[in-house]
Structures are given as structure tokens and as C-alpha cells.
Amino acid sequence: MIDFRCDKCNKLLGKFRECRELEIKCPRCGELNQYKAIEHKIQSKPAKKKWAAVSF
Ligand SMILES: [Zn+2]
């Protein structure tokens, strides 16, 4: 379980295990806390630049 705490006052707002998006307004300070699961997708681009022979 992952603790979901307020960014502002550090109050424990809830706990979750698997969540993609979460939005809880803190009852203490009124801060709107948002959580978004970030999927790490590394796009590997074959960036190989070869010097082209220029012919006139
Ligand atoms: Zn708060």
C-alpha cells in the first residue's frame, strides 16, 4: 500500500495499492492533491547521422 499524503500539510489522506489517477482535496488545508502514475516509456531513436558526400 502506498500512502497518499497532502503536499502542503503532510496529512495522510488515504492509502492505495494500484491506482492510475487519484485526486483528493485535503480536508485540513484545502490543497488539491493529484496523483498520476507515470509510465516509463523510453523511446529509443536510432539517431545516427552520417556525413553525406556532397557532389555537384
Ligand atoms: Zn493538507
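Me: In which loop is N10 placed?

Reply: In this predicted model, N10 sits in the loop between β1 and β2.

Me: How should the phi of N10 be read, and what is its value?

Reply: The general idea comes first: most residues other than glycine have a negative phi. N10 has a phi near 65°, a positive value in a residue other than glycine.

Me: Is N10 buried or exposed, and why?

Reply: Such a reading rests on a count of neighbours, with 12 or fewer other C-beta atoms within 10 Å making a residue exposed. N10 has 11 other C-beta atoms within 10 Å, and is therefore exposed.

Me: What do the strands on either side of this turn form?

Reply: β1 and β2 form a hairpin, with 6 residues between them. Strand β1 covers residues 2-5 and strand β2 covers residues 12-16; the two pair in the antiparallel sense over 4 bridges. As one example of the pairing, I2 has F16 as its bridge partner in β2.

Me: Where is C9 placed, and which residues does C9 touch beyond four places away in sequence?

Reply: C9 also belongs to the loop between β1 and β2. Once residues up to four places away in sequence are set aside, C9 touches C26, R28 and C29. For C9 and R28, the separation is 19 residues in sequence and 8.0 Å in space, taken from C-alpha to C-alpha.

Me: Is C9 buried or exposed?

Reply: C9 is exposed, because 11 other C-beta atoms lie within 10 Å.

Me: How is the pairing of β3 with β4 to be read?

Reply: One looks at the direction and at the bridges. Strand β3, residues 21-25, runs antiparallel to β4, and 5 bridges join them. Within this pairing, the bridge partner of L22 in β4 is Y35. The hairpin of β3 and β4 has 6 residues between the strands, and G30 there takes a positive phi near 85°.

Me: Why does strand β4 lie largely in the open?

Reply: For a residue to be buried, 20 or more other C-beta atoms must lie within 10 Å of its own. Strand β4 spans residues 32-36, and of its 5 residues the number buried is 0, so the strand lies largely in the open.

Me: What pattern does the chain follow, and what share of its residues is buried?

Reply: Along the sequence the pattern is β-β-β-β, with 4 strands and 0 helices. Buried residues make up 0% of the 56 residues in the chain. Among contacts with a separation of 6 or more, 10% come from residues 24 or more positions apart.

Definitions and conventions:
Residues are numbered from 1 along each chain as its sequence is written. This is a predicted model: local features need pLDDT of at least 70, side-chain atom pairs count only at pLDDT 80 or more; totals for chains, interfaces and linings use all residues. Two strands pair if DSSP finds at least two bridges between them. Two residues are in contact if their C-beta atoms, placed from the backbone, lie within 7 Å.
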